[in-house]
Structures are given as C-alpha cells and as structure tokens.
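Work through the exercises below with the sequence and the coordinates open. Each task is followed by a solution in steps.

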Amino acid sequence: MGKFKIKGRANEIKGKLKQKNASLTNDDLLYEEGQDDEFYGRLQQKLRKTKGELDELVNSNKK
C-alpha cells in the first residue's frame with residue numbers, strides 16, 4: 001500500500017476526489033500544509049473509506 005503525498009499535489013488530489021465523489025464539498029477538501037491527518041480524517045468520515053482505500057482512489061490512473 002502506497003501513501004499519497006499531498007504536499008505539492010493538493011489541487012490535483014482535490015480534483016480527482018471531487019470527480020469521483022460529487023458529494024464532497026469544498027470544506028471537506030480544505031487542506032492546509034502539515035494537516036495531512038485532519039485531511040485524511042475528514043475524507044475517511046465523509047466517504048467511509050480506510051486510509052488505504054483513499055490512497056488507492058487518489059493514486060489510480062495517476063498521470
């Protein structure tokens with residue numbers, strides 16, 4: 001299982017997540033550098049996915 005790196009890719013990650021999950025709001029996708037755990041936590045709660053599942057979701061079809 002790989003970990004997605006948020007730093008430097010936040011906008012790309014937010015775009016992918018929003019495309020795959022229209023129920024996500026801008027507040028759900030709010031990310032501040034150094035706040036990775038909070039970002040993951042919000043997404044896990046909203047999408048009911050594990051951290052590993054989120055990693056796979058973001059890294060699938062990676063350019």
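**Exercise 1. Burial of an acidic residue**

Task: Decide whether Asp 28 is buried, partly exposed or exposed.

Solution. The model is a predicted one. Step 1: the relative accessible area of Asp 28 is 13%. Step 2: a residue is called buried when this value is under 20%. Step 3: Asp 28, at 13%, is therefore buried. Step 4: as for its place in the chain, Asp 28 sits in the loop between helix 1 and helix 2.

**Exercise 2. Surroundings of Asp 28**

Task: List what Asp 28 touches, leaving aside neighbours within four places in sequence, and find the backbone atom that its side chain reaches.

Solution. Step 1: with those neighbours set aside, the contacts of Asp 28 are Ser 23, Phe 39, Arg 42, Leu 43 and Lys 46. Step 2: two of these partners, Phe 39 and Leu 43, are among the buried residues of helix 2. Step 3: the side chain of Asp 28 also comes to 2.9 Å from the backbone nitrogen of Thr 25.

**Exercise 3. The salt bridge**

Task: Count the salt bridges in the structure, then identify the residues involved and their places in the chain.

Solution. Step 1: the structure has one salt bridge. Step 2: Lys 46 pairs with Asp 28, and their closest N and O atoms are 3.3 Å apart. Step 3: the cut-off for such a pair is 4 Å, so the distance of 3.3 Å qualifies. Step 4: the pair joins distant parts of the chain, with Lys 46 in helix 2 (residues 36-47) and Asp 28 in the loop between helix 1 (10-20) and helix 2, 18 residues apart. Step 5: Lys 46 has 37% relative accessibility and counts as partly exposed, whereas Asp 28 is buried.

**Exercise 4. Geometry and faces of helix 2**

Task: Check the length of helix 2 against the expected span, then sort its residues by face.

Solution. Step 1: helix 2 has twelve residues, and at 1.5 Å a residue the expected span is 16 Å. The rule multiplies 1.5 Å by one less than the number of residues. Step 2: the end C-alpha atoms of helix 2 lie 16 Å apart, in agreement with that value. Step 3: its buried residues are Phe 39, Tyr 40, Leu 43 and Leu 47. Step 4: viewed down the axis of helix 2, these fall within an arc of 95°, so they line one face. Step 5: the face turned away from the buried side carries Asp 37 and Gln 45, both exposed. Step 6: the buried residues of helix 2 pack against helix 1 and helix 3 (51-59).

**Exercise 5. The residue after helix 2**

Task: Describe the backbone and the exposure of Arg 48.

Solution. Step 1: Arg 48 comes just after helix 2, in the loop between helix 2 and helix 3. Step 2: its phi is near 55°, which is positive in a residue other than glycine. Step 3: with 77% relative accessibility, Arg 48 counts as exposed.

**Exercise 6. A loop residue and a helix residue**

Task: Compile the location, exposure and C-alpha separations of Ser 23 and Gly 15.

Solution. Step 1: Ser 23 belongs to the loop between helix 1 and helix 2 and is partly exposed at 47% relative accessible area. Step 2: apart from neighbours within four places in sequence, Ser 23 contacts Asp 28 and Lys 46, the two partners of the salt bridge. Step 3: the C-alpha atoms of Ser 23 and Leu 47 are separated by 8.8 Å, with their positions 24 residues apart along the chain. Step 4: Gly 15 lies in helix 1 and is partly exposed, with a relative accessible area of 31%. Step 5: from Gly 15 to Leu 29 the C-alpha distance is 9.3 Å, at 14 residues apart in sequence.

**Exercise 7. The chain as a whole**

Task: Summarise the secondary structure, the burial and the contacts of the chain.

Solution. Step 1: the chain has three helices and zero strands, in the pattern α-α-α. Step 2: 33% of its 63 residues count as buried. Step 3: helix 3 contributes Gly 52, Leu 54, Asp 55, Leu 57 and Val 58 as buried residues, and these pack against helix 1 and helix 2. Step 4: of the contacts between residues at least 6 apart in sequence, 48% join residues at least 24 apart. Step 5: the accessible surface is about 4400 Å², and carbon and sulfur atoms account for 45% of that area.

Key
Residues numbered from 1 in each chain as written. Predicted model: local features only at pLDDT ≥ 70, side-chain atom pairs only at ≥ 80, totals over all residues. Heavy atoms only, no water. Salt bridge = Lys/Arg side-chain N within 4 Å of Asp/Glu carboxyl O. Helix = DSSP H or I, 4+ residues; strand = E, 2+ residues; numbered from the N terminus. Buried < 20%, exposed > 50% of the residue type's maximum accessible area, 1.4 Å probe, protein only. Arc of directions from axis to C-beta. Contact = heavy atoms within 4.5 Å. Polar contact = N/O pair within 3.5 Å; in protein donor to acceptor, adjacent residues only side chain to side chain. Areas by Shrake-Rupley, 256 points an atom, 1.4 Å probe, with all protein chains shown as cover.
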